[in-house]
Amino acid sequence: MEQKNYHSSIAVGITADQAYANIANVAGWWTKSFRGSAQKMGDTFTIQFGETKVAFEITEATPGKKIVWKVTDCYLHWLNNKTEWNGTGVVWELTPQNNSTRIDMTHVGLVPGIECYETCEKGWDQYVTGSLYKLVTEGKGQPD
């Protein structure tokens, strides 16, 4: 049986290009401890939550359509396998729908059964359907 990667989606009343720009504003919705750039192919960035650090490289970027973040290094301090996210990817797909855009986020490699799944699922839910949604709809996210 194939395990399903973590997935979340929201529909927002903005264009796909605006949605792309909001996703790339990582410090505006995920964490203020953000270094680097998340705008275009080849960009690299690092986020930090206390002892936890994750480094990403953008391996695919089509403004208004899709952006892919590959985890190149991580230290998830609370896990036995502190590098569990290494090699995983976060895929953002944008689909225009009438006067809105559907944002689909899939964390490829974050599947039920791995140590981080339950905690990381709750975290992504909070940041995607909560903070990113608030950034897009209210102009202010809730980053850590």
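1. A pocket, as the word is used here, is an open set of grid points with protein on both sides within 12 Å along at least five of seven lines. The model under review is a predicted one, and in this model the largest pocket holds about 250 Å³ of space. Its lining is made up of 15 residues, and those that lie nearest the centre of the pocket are Trp30, Phe49, Trp78, Gly123 and Tyr127.

2. It is worth asking which element gives the most to the lining of the largest pocket. That element is α3, with 6 residues, while β3 (44-49), β4 (52-62) and α3 (117-138) each supply at least two residues of the lining. By residue type, the lining of this pocket divides into 10 nonpolar residues, 4 polar ones and 1 charged one.

3. Turning to the sheet, 7 strands form an open arrangement with antiparallel pairing, and their order is β1-β7-β6-β5-β4-β3-β2. Because β1 (6-12) and β2 (34-36) stand at the edges and each has a single partner strand, one side of each is left without a neighbour in the sheet. From one strand to the next, the twist averages 20°.

4. Helix α1, which spans residues 16-24, packs on this sheet and touches β4, β5 (66-75), β6 (89-97) and β7 (100-108), and its direction makes about 155° with that of β6. The buried residues of α1 are Ala16, Ala19, Tyr20, Asn22, Ile23 and Ala24, and these buried residues pack against α2 (26-29), β4, β5, β6, β7 and α3. Helix α3, for its part, lies across β1, β3, β6 and β7, and runs at about 15° to β1.

5. The pairings within the sheet can be followed strand by strand. β2 and β3 pair in the antiparallel sense over 3 bridges, and the bridge partner of Phe34 in β3 is Ile47. β4 and β5 are likewise antiparallel, with 9 bridges between them, and here Glu57 has Lys70 of β5 as its bridge partner. For β5 and β6, which also pair in the antiparallel sense, there are 5 bridges, and Ile67 finds its bridge partner in Trp92 of β6.

6. The hairpin formed by β4 and β5 deserves a separate remark, since 3 residues lie between the two strands and Gly64 in the turn has a positive phi of about 80°. Most residues other than glycine have a negative phi. Asn98 has a positive phi of about 50° although it is not a glycine, and its place is in the loop between β6 and β7. With a relative accessible area of 84%, Asn98 counts as exposed, because that term applies to values over 50%.

7. Is Gly36, in the edge strand β2, buried or exposed? Gly36 has a relative accessible area of 55%, and it is therefore exposed by the cut-off of over 50%. Leaving aside residues up to four places away in sequence, Gly36 touches Thr44 and Phe45. Ala11 is 25 residues apart from Gly36 along the chain, and the C-alpha atoms of these two residues are separated by 27 Å.

Note on methods. Residues are numbered from 1 along each chain as its sequence is written. This is a predicted model: local features need pLDDT of at least 70, side-chain atom pairs count only at pLDDT 80 or more; totals for chains, interfaces and linings use all residues. Side-chain values use heavy atoms; hydrogens and water are left out. On a 1 Å grid over the protein atoms alone, a cavity is a set of points where a 1.4 Å probe fits but cannot get out, and a pocket is an open set with protein on both sides within 12 Å along at least five of seven lines; lining residues have an atom within 4 Å of a point. Grid points are joined across faces, edges and corners, and a volume is the space filled by probe spheres set on the points. Helices (H or I, at least four residues) and strands (E, at least two) are DSSP runs, numbered from the N terminus. Ala, Val, Leu, Ile, Met, Phe, Trp, Tyr, Cys and Pro count as nonpolar, Asp, Glu, Lys and Arg as charged, and the others, Gly among them, as polar. Two strands pair if DSSP finds at least two bridges between them. Axes are lines fitted to C-alpha atoms, for helices over the stretch in contact, and angles run from 0 to 180 degrees between N-to-C directions. Contact means heavy atoms within 4.5 Å. Buried means under 20% relative accessible area, exposed over 50%, partly exposed in between (1.4 Å probe, protein chains only).
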